[in-house]
Amino acid sequence: MKIETAIKHISHIDSLLDARRVNGALDALAMLLPSGPSGWTMAERAAKLRESYGLMSRYALDGMSDPSRQELYTDITEEIRSLSRESLRKLRMVDDPALYYSTARYEAMQPDTIASLLDRLGRLRSLMAMGLLGGSADTVVDPESGRPAREAAEQVARRIFNRVWTTHPLSPDDVEAISAAARSTVLPPYEAEHLAAALMLGELEFHDERRRELLMEFYGDRNLSEQLRLKAQTGLLIGLWVHRDRAMLRRSRERFAAIAELPRWASDVKTVNLELARARDTERINRKIRDEIIPDLIRLRPDLEKRMGMSGKPFDPTSLEENPEWQELLDKSGISDKLKEISELQEDGGDVMMSTFGSLKSFPFFNDVANWFLPFRADHSLVDQAMAPVAAVLENMPLFCDSDKFTLVCAMRQMPASNRDMIMNQFSAQSLDMAAAAVPAKGGLTIAKWVQNIYRFMKLFRRKAEFYDIFAGPVSLASLPGLKMALDDVETLTLMSEFYFKRGYYKEALELFSLLEARENPTAPMLQKMGYCCQQLSDMEGALHHYERSEMLNPDSRWTRRRLAACHRAMGHYDKALHYYRLLEEAMPDDTGLALVIGHTELEAGRPADALKHYFKVEFLKPDSTKTQRPIAWASLLNGEYDRARTYYDRILAADPQETDWLNAGHLEMLTGNYRRAADNYLKSIVAMNFDAPRFARVFGADLATLRDGGVDDFMSGLVLDNVLSRAIASGSNLK
């Protein structure tokens, strides 16, 4: 069976199960199972499922009571789904070029098991520990390979990661070996954390109930390190989200219910939920730094060097803090505000390091999937003796995630010795105090940096397209039934809704505000935010609904009135919009921006004479402003005051005319019977449109009603248009 056919077949099985047609799904599964020895075990499992379902159905039809029937039914249907996906995996194992399958094929050809690899790693770590007692672990040699024991151990650790990642499904022996390794006194704690990462990554490929149970087991064991427990929980929650269409089997439900009763479960779930949301915001932060701040700093650098007398000298960033002209330049350029925003984002937990290290993930070290999830440590073989002091500082620094720490080491290894020594000296001097003052990593920090590791892999790995990107869209853990209790309290909903709203994720913010509304009486500010979310999502009806409710609670809010007016105007309710604008005008009679908007609304309502009153008010209050020239010219034209319109269009055309200015000036000449001058202006409009004649014809046609109202008949309009287009062709334009 071809892979495309198998995928369609699995979709058919899922639809049958959704329709509760289990017998039909079992029949379809039989056609999907692989033939030969590789499929015999799967066929036996399918036969047992059919037998169990038959017995359950018979007892149910006979009216026999069974309180566990629904749980048994869920287990049967989930096993059918699992078997269908295992069948697809076996098809792809033949020749699929994806990294997952090529790695799985390599591991399948090796005689090792997860247990034997873990045993070998334990022997190597013991050997290294004895060497360390004798003076140095670097001098210890692995007797099996003849290589330094440290490098051999790291290679075996990568093999273990790959094996755990690509083994599906995990066998009971695999589970036992992984569980024992997490509690081993021989293996260092970071090896268990690496195992948790491999379990998570494998779960993203194919759901395996045993993986899920192992992650639950790790989190629930208070004897394990906090880092391991929190990383396991993060992987568990990510897996639950990715496979949210899959129900838990009975044994998993019981274990999940047990860990959900643990004292820190709810708070840890909230932290993971927040960090996943923050990770999604990373791209926005990265874009702001890359597209706004860095270009502005590059543009300002010559001025900085000139003012500080540094032209032709190496640029010393530390001198910027001591030079007041630096701050003056930043303030005038607007960069200070952007830098302040980035600083606030960092204080709020935003990932501002992605823009710094994102472009440095091309080192060979990051070609291995396992290395993206490796906890940083100073005794890694990547760290040479010269960089050991800096690595020791890095190991305890909470500022960077593990992936970025390895990136920094890789980058420094590539530098010339002089540059590297200078950076290392500065880095050590400035960082030792930070490291000394740093408290042991707390739960929130562990989760934050772990999510950053995962995010970097999903976004920067060279073959990232082959992996499920959990950050491609919003992760809504609150929508999962098993997590709802931990995430739907008022405090959490308020925190998350404000987080999404502040960062412009209006759909997610509105959903959470709606949940909040159902739990407590909404305040006027909350209704304002709900209305604003609807407005940004182009739901004007919804926006009006929330703004009107907010107005009832706070009738004097100018902000609400302005938004109500804007919504009514967008929906074409001009009189209602003007009602709110006039209320605002009473409170702010000299607000020129408001007067201008009122004029535009009057014009859209078909009342150019009333629009002109407000335009002239703006012109009187701000005589040097040119913002009213175009609206006054157009409103005068619509009102039949052609002399005034001509005065203003002459000013506009003499300054910096746009394509619509030539078009409207042409209309003025048409309305006053100057057809030749009208044609000349229309031709200039086509030139300004880059000779896009079809577009000009569409715009001209949209204004025909205005010309008709002014007494221009269709005969003359058509004649002038034909003349203009002919002249444009004759001038050599490429009209289509």
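# A walk through the predicted model

Let's start with a charge and a ring: the charged end of Arg-244 sits over the ring of Trp-241, at 3.8 Å from the ring centre. Arg-651 and Tyr-648 show a similar kind of contact, with Arg-651 lying over the face of Tyr-648, 4.6 Å from the ring centre. Please keep in mind as you look around that this is a predicted model.

Rings also pair with one another here, and the count of aromatic pairs comes to 31. One of them joins Phe-161 and Phe-373, whose ring centres are 5.9 Å apart. The planes of these two rings meet at 15 degrees, and planes under 30 degrees apart count as stacked, so Phe-161 and Phe-373 form a stacked pair. Where do the two partners, Phe-161 and Phe-373, lie along the chain? Phe-161 belongs to helix α7, which covers residues 149-166, while Phe-373 is in the loop between α17 (354-357) and α18 (388-395). The pair therefore ties together parts that are 212 residues apart in sequence. Are these two rings buried or exposed? Phe-161 has a relative accessible area of 1%, so it is buried, and Phe-373, with a relative accessible area of 0%, is buried too.

Stay with Phe-373 for a moment, as this residue also forms an aromatic pair with Phe-457. In this pair the centres are 5.0 Å apart and the planes stand at 55 degrees, which makes the pair tilted. Again distant parts of the chain are linked: Phe-373 sits in the loop between α17 and α18, whereas Phe-457 is in helix α21 (residues 443-460), 84 residues away. Phe-457 is buried as well, its relative accessible area being 1%.

Back along the chain from there, have a look at the peptide bond between His-168 and Pro-169. This bond is cis, with omega at about -10 degrees. Pro-169 is part of the loop between α7 and α8 (172-182).

Two other loops hold unusual backbone angles for you to inspect. Ser-538 is not a glycine, yet its phi is positive, at about 65 degrees. You will find Ser-538 in the loop between α25 (524-536) and α26 (540-553). The relative accessibility of Ser-538 is 62%, and because exposed means over 50%, Ser-538 counts as exposed. Phe-691 is another residue other than glycine with a positive phi, in this case near 60 degrees. The loop between α34 (675-688) and α35 is home to Phe-691. With a relative accessible area of 27%, Phe-691 is partly exposed.

Just follow the chain into helix α35, which spans residues 693-702. Which residues of this helix are buried? They are Ala-693, Phe-696 and Phe-700. These three cover an arc of only 55 degrees around the axis, so they are on the same side of α35. The face turned away from that buried side carries Arg-698 and Ala-702, which are exposed.

Our last stop is on the surface. Leu-55, Tyr-59 and Met-64 make a nonpolar patch of about 260 Å² there. Leu-55 comes from helix α3, which runs over residues 37-61. The relative accessible area of Leu-55 is 30%, so Leu-55 is partly exposed.

Notes. Residues are numbered from 1 along each chain as its sequence is written. This is a predicted model: local features need pLDDT of at least 70, side-chain atom pairs count only at pLDDT 80 or more; totals for chains, interfaces and linings use all residues. Side-chain values use heavy atoms; hydrogens and water are left out. Patches are made of residues with over 30% relative accessible area and no salt bridge: like charges are joined within 9 Å, nonpolar side chains (Val, Leu, Ile, Met, Phe, Trp, Tyr) within 5 Å. Accessible areas come from the Shrake-Rupley method with a 1.4 Å probe; for residues, only the protein chains shown count as cover. A salt bridge is a side-chain nitrogen of Lys or Arg within 4 Å of a carboxyl oxygen of Asp or Glu. Helices (H or I, at least four residues) and strands (E, at least two) are DSSP runs, numbered from the N terminus. Buried means under 20% relative accessible area, exposed over 50%, partly exposed in between (1.4 Å probe, protein chains only). Rings of Phe, Tyr and Trp (its six-membered ring) pair if their centres lie within 6.5 Å; planes under 30 degrees apart count as stacked, over 60 as edge-to-face and the rest as tilted. A charge sits over a ring if NZ of Lys or CZ of Arg is within 6 Å of the ring centre and within 35 degrees of the ring normal. The arc is that of the directions from the helix axis to the C-beta atoms.
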